[in-house]
Amino acid sequence: MYFDVPGKENTQKTIEIAVQAIREHGIRHVVLATSTGYTAQCFPALEGVNVVCIPHAYGFKEPGKNELSDETIQQLRDKGFHVFACSHALSGAERSFSGKFGGVSPVEIVAHTLRFFGQGMKVCVEIATMAADGGLIPPNTPILSIGGTGRGTDTAVILRAAHANHLLDTKIDRILCKPILP
């Protein structure tokens, strides 16, 4: 599925496509990006499916703070979802050095290359890596990853994540939906 424009207006259709793929392909693990909780709150709890919600890292906008409220985190946990925040796998510490000294790191090149397919594709790979590093999904096993451009979601892929120290072993098996880039 290709959306005419990126963004939040594609969230419901992306989730429908994702749920259908979970059922068709026997997916047992879902990783989804959710900076405010909107996307995660739209996603259904599915029997036998491990759902991992990845918000921005603490300090992304304000030192020591996360954009997800404690109340939203608890609501997601009550739904049976895991919530996991950590340094972003495709920027993290590298951004500190390139911001201070200029230049670009190899990991930032990977991130920019994934953006050839759209911001959501970069997010899908990044959050799957983060979830694998946190021990919340198995590496090298087909999982469904959902990301987006700005708010909401517009990209869903089936991929086999690798830990960050083996990032280049990540494999994207299926692109389920993504926006056409402006």
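Leu32 stands opposite Ile146 in β5, strands (E, at least two residues) and helices (H or I, at least four) being DSSP runs numbered from the N terminus. The structure is a predicted model, in which local features need pLDDT of at least 70 and side-chain atom pairs count only at pLDDT 80 or more, while totals for chains, interfaces and linings use all residues. Residues are numbered from 1 along each chain as its sequence is written, and side-chain values use heavy atoms, with hydrogens and water left out.

The pairing of β2 with β5 is parallel and extends over three bridges, where two strands are said to pair if DSSP finds at least two bridges between them. These strands belong to an open sheet of seven strands with mixed pairing, arranged in the order β1-β7-β6-β5-β2-β3-β4. The edges of the sheet are taken by β1 and β4 (82-83), each of which has a single partner strand, so one side of each is left without a neighbour in the sheet. At one of these edges, β1 is joined to β7 in the parallel sense by two bridges, and Tyr2 stands opposite Lys178 in β7. Strands β6 and β7, by contrast, run antiparallel and are joined by five bridges, with Ile175 in β7 as the bridge partner of Val157.

On the other side of β2, five bridges join this strand to β3 in a parallel arrangement, and His29 has Asn50 in β3 as its bridge partner. The pairing of β3 with β4 is likewise parallel and rests on two bridges, Cys53 being matched with Val83 in β4. Strand β3 (residues 50-54) is mostly covered, since five of its five residues are buried, a term that denotes a relative accessible area under 20%, with exposed meaning over 50% and partly exposed lying in between (1.4 Å probe, protein chains only). In a regular strand the side chains alternate between the two faces of the sheet. In β3, Asn50, Val52 and Ile54 point one way and Val51 and Cys53 the other way, and all are buried.

Helix α1 (residues 11-25) comprises 15 residues and reaches 21 Å from its first C-alpha to its last, close to the 21 Å expected at 1.5 Å a residue, the expected span being 1.5 Å times one less than the number of residues. Its buried residues are Thr11, Thr14, Ile15, Ile17, Ala18, Val19, Ala21 and Ile22. The cover over these buried residues includes the strands β1 (2-3), β2 (29-33), β5 (142-147), β6 (155-160) and β7 (171-179), together with helix α2 (38-42). Just after α1, Gly26 takes a positive phi of about 65°.

Helix α6 also has 15 residues and reaches 21 Å between its first and last C-alpha, close to the expected 21 Å. This helix is mostly covered, with 13 of its 15 residues buried, and is followed by Gly135, whose phi is positive, near 75°. In the loop between α6 and β5 lies Asn140, which has a positive phi of about 60° although it is not a glycine, and which is exposed, with a relative accessible area of 51%.

The largest pocket holds about 410 Å³ of space. For this analysis, a pocket is an open set of points on a 1 Å grid over the protein atoms alone, where a 1.4 Å probe fits, with protein on both sides within 12 Å along at least five of seven lines, and lining residues have an atom within 4 Å of a point; the volume is the space filled by probe spheres set on the points, which are joined across faces, edges and corners. The lining has 27 residues, of which Ala33, Ser35, His56, Val123 and Gly150 are the closest to the centre of the pocket. The elements that give two or more residues to this lining are α2 and α6 (119-133), and α6 gives the most, with six residues. By residue type, the lining divides into eight nonpolar, 14 polar and five charged residues.

In the loop between β6 and β7, Ala164 is partly exposed, with a relative accessible area of 38%. Apart from its neighbours within four places in sequence, Ala164 is in contact (heavy atoms within 4.5 Å) with Thr129 and Asp133. Ala164 and Arg23 are 141 residues apart in sequence and 28 Å apart in space, C-alpha to C-alpha.

Technical notes. Ala, Val, Leu, Ile, Met, Phe, Trp, Tyr, Cys and Pro count as nonpolar, Asp, Glu, Lys and Arg as charged, and the others, Gly among them, as polar.
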